[in-house]
Amino acid sequence: MKHSNISIFVPHKGCPNNCSFCNQRVISGQIKPAGTEDVKNAVGTAIKNNVNPKNTEIAFFGGSFTAIEREDMISLLTAAKSFLDKYHFAGIRISTRPDAIDDETLGILKKYGVTSIELGAQSMDDEVLKANDRGHESKDVINASKKIKDAGFSLGLQMMTGLYKSSWEKDMMTAEKIIELKPDTVRIYPTVVLKNTKLAFLYQNGEYLPPDAEESAPYVAEIMNIFSEAGIRIIKVGLHSSDDVEKDMIAGGYHPAFREICEGYIFLKKIEEKLSQYDGKHKYEIYVSNKSLSKAKGHKKRNEKTLKNKGFYCIIKGKDFMNDNEVEVVETE
């Protein structure tokens, strides 16, 4: 059963500082923080549209939910919990900062029906965190993650690739450290430079050159692989597509089909590993599950072209009764 969220944004509310990459108006598509009426309207609309409450969480995203004024936080939770009690939604999901979690806060969240807590870890390298004005250290991510899991919540961790002062080695280290914390879910965001941010200033002054989507995709695909192999569900890859992002982006790893591009790289690597057993002097049919066919072909069917450029003439086809990640090669001529 596919999980879904009713997303309610509390942009920048509760955040004690401005991170180098942050322009919440663009990321969330709004600047006015949500109130109780917004909760009622969002959930009410979802109910009218026949959302399935059993696999749906009411989700507060966009700010540091547990760092907002207690009265405001409890008002929002009260409004959400009224729908939990009446319609039996799966729970409430919140996102927050690692240094905005303590035992008292977790007790309040539990009381009001919160089931999932996502932490914006972004990096597990302290130099990177400091350079990007995060205001917390990697130890805060470790401590908060333990508290969340010990209290019985589902833990989600968010990371960013290509941040100022980071590297692919540091990004991979961040992924490995996240795996050690055993979250239930992860989100992976390549850094996008938006107008009116510190990163925009650094980029315009030549101090920071972020990787673009095409440069980021092979590395993010590798990170996706290690999360999948660790049994961690990847619930988001890349910044959500919107007109505001496309209008305000000046550099970085944004593409409206970024996850699709990464998934194409994952399958390309699997196919290349299979083809390494062949001499490339023949034609081949590559079979994957019907469900995985578009991923295996790659974004805009680029994988067949890439294989041809490497000397392998292949046609990628779907097949019944194959596992989602399985690849089969048949020599045809």
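In which helix is the place of glutamate 180? The exercises below begin with this residue and use a predicted model throughout.

**Exercise 1. Locate glutamate 180 and lysine 182, and decide for each whether the residue is buried or exposed.**

Solution. Step one is to assign the elements: glutamate 180 belongs to helix α7, while lysine 182 is found in the loop between α7 (168-180) and β6. Step two is to compare the accessibilities with the cut-off, for which exposed means over 50% relative accessible area. Glutamate 180 has a relative accessibility of 57% and therefore counts as exposed, and lysine 182, with a relative accessible area of 58%, is exposed as well. Step three is to look at the C-alpha separations to residues elsewhere along the chain: glutamate 180 and isoleucine 142 are 38 residues apart in sequence and 9.4 Å apart in space, whereas lysine 182 and isoleucine 232, which lie 50 residues apart along the chain, have C-alpha atoms separated by 7.7 Å.

**Exercise 2. Work out the strand order of the open sheet and name its edge strands.**

Solution. Step one is the order, which reads β1-β2-β3-β4-β5-β6-β8 for the 7 strands of the open sheet, with parallel pairing. Step two is to find the edges, and these are β1 (4-9) and β8 (233-237), each of which pairs on one side only. Step three concerns the twist: on average, and with direction ignored, neighbouring strands of this sheet are turned by 20 degrees against each other. Step four adds a helix to the picture, since α11 (residues 258-275) lies across β6 (185-190) and β8 and runs at about 130 degrees to β8.

**Exercise 3. Describe the pairing of β2 on both sides and the burial of its residues.**

Solution. Step one is the β1 side, where 6 bridges join β1 to β2 and the two strands run parallel; in this pairing, isoleucine 6 has isoleucine 58 of β2 as its bridge partner. Step two is the β3 side, where β2 (residues 56-61) and β3 (residues 91-96) pair in the parallel sense over 4 bridges. Here isoleucine 58 stands opposite isoleucine 92 in β3, and phenylalanine 60 stands opposite isoleucine 94 in β3. Step three is burial: β2 is mostly covered, with 6 of its 6 residues buried. Thr56, Ile58 and Phe60 point one way from the strand and Glu57, Ala59 and Phe61 the other way, and all are buried.

**Exercise 4. Classify the ring pair of phenylalanine 60 and phenylalanine 65, and that of tyrosine 278 and tyrosine 284.**

Solution. Step one is the total, which comes to 7 aromatic pairs. Step two is the phenylalanine pair: the ring centres of phenylalanine 60 and phenylalanine 65 lie 4.8 Å apart and the planes stand at 20 degrees, so the pair is stacked. Phenylalanine 60 counts as buried at 0% relative accessibility, and phenylalanine 65 is likewise buried at 0%. Step three is the tyrosine pair, in which the ring centres of tyrosine 278 and tyrosine 284 are 5.3 Å apart and the planes are at 70 degrees, so this pair is edge-to-face. Tyrosine 278 counts as partly exposed at 27% relative accessibility, whereas tyrosine 284 is buried at 1%. Step four is to record an aromatic cluster, which is formed by Phe83, Tyr87 and Phe89.

**Exercise 5. Characterise the packing of α3 against α4.**

Solution. Step one is the geometry: the axes of α3 (residues 70-87) and α4 (residues 103-111) come within 10 Å and cross at roughly 25 degrees. Step two applies the cut-off, under which angles under 35 degrees count as roughly parallel, and α3 is therefore roughly parallel to α4. Step three lists the residues that meet, with Arg70, Met73, Ile74, Leu77 and Lys81 on α3 and Glu104, Thr105, Ile108, Leu109 and Lys111 on α4. Step four sorts this contact by class, giving 5 nonpolar, 1 polar and 4 charged residues.

**Exercise 6. Decide whether glutamate 263 is buried or exposed, and name its contacts beyond four places in sequence.**

Solution. Step one places glutamate 263 in helix α11. Step two gives a relative accessibility of 15%, so glutamate 263 counts as buried. Step three sets aside the neighbours within four places in sequence, which leaves glutamate 263 in contact with Met224 and Lys295.

How values were computed. Residues are numbered from 1 along each chain as its sequence is written. This is a predicted model: local features need pLDDT of at least 70, side-chain atom pairs count only at pLDDT 80 or more; totals for chains, interfaces and linings use all residues. Side-chain values use heavy atoms; hydrogens and water are left out. Axes are lines fitted to C-alpha atoms, for helices over the stretch in contact, and angles run from 0 to 180 degrees between N-to-C directions. Angles under 35 degrees count as roughly parallel, over 145 as roughly antiparallel, 65 to 115 as roughly perpendicular and the rest as oblique. Contact means heavy atoms within 4.5 Å. Ala, Val, Leu, Ile, Met, Phe, Trp, Tyr, Cys and Pro count as nonpolar, Asp, Glu, Lys and Arg as charged, and the others, Gly among them, as polar. Two strands pair if DSSP finds at least two bridges between them. Buried means under 20% relative accessible area, exposed over 50%, partly exposed in between (1.4 Å probe, protein chains only). Rings of Phe, Tyr and Trp (its six-membered ring) pair if their centres lie within 6.5 Å; planes under 30 degrees apart count as stacked, over 60 as edge-to-face and the rest as tilted.
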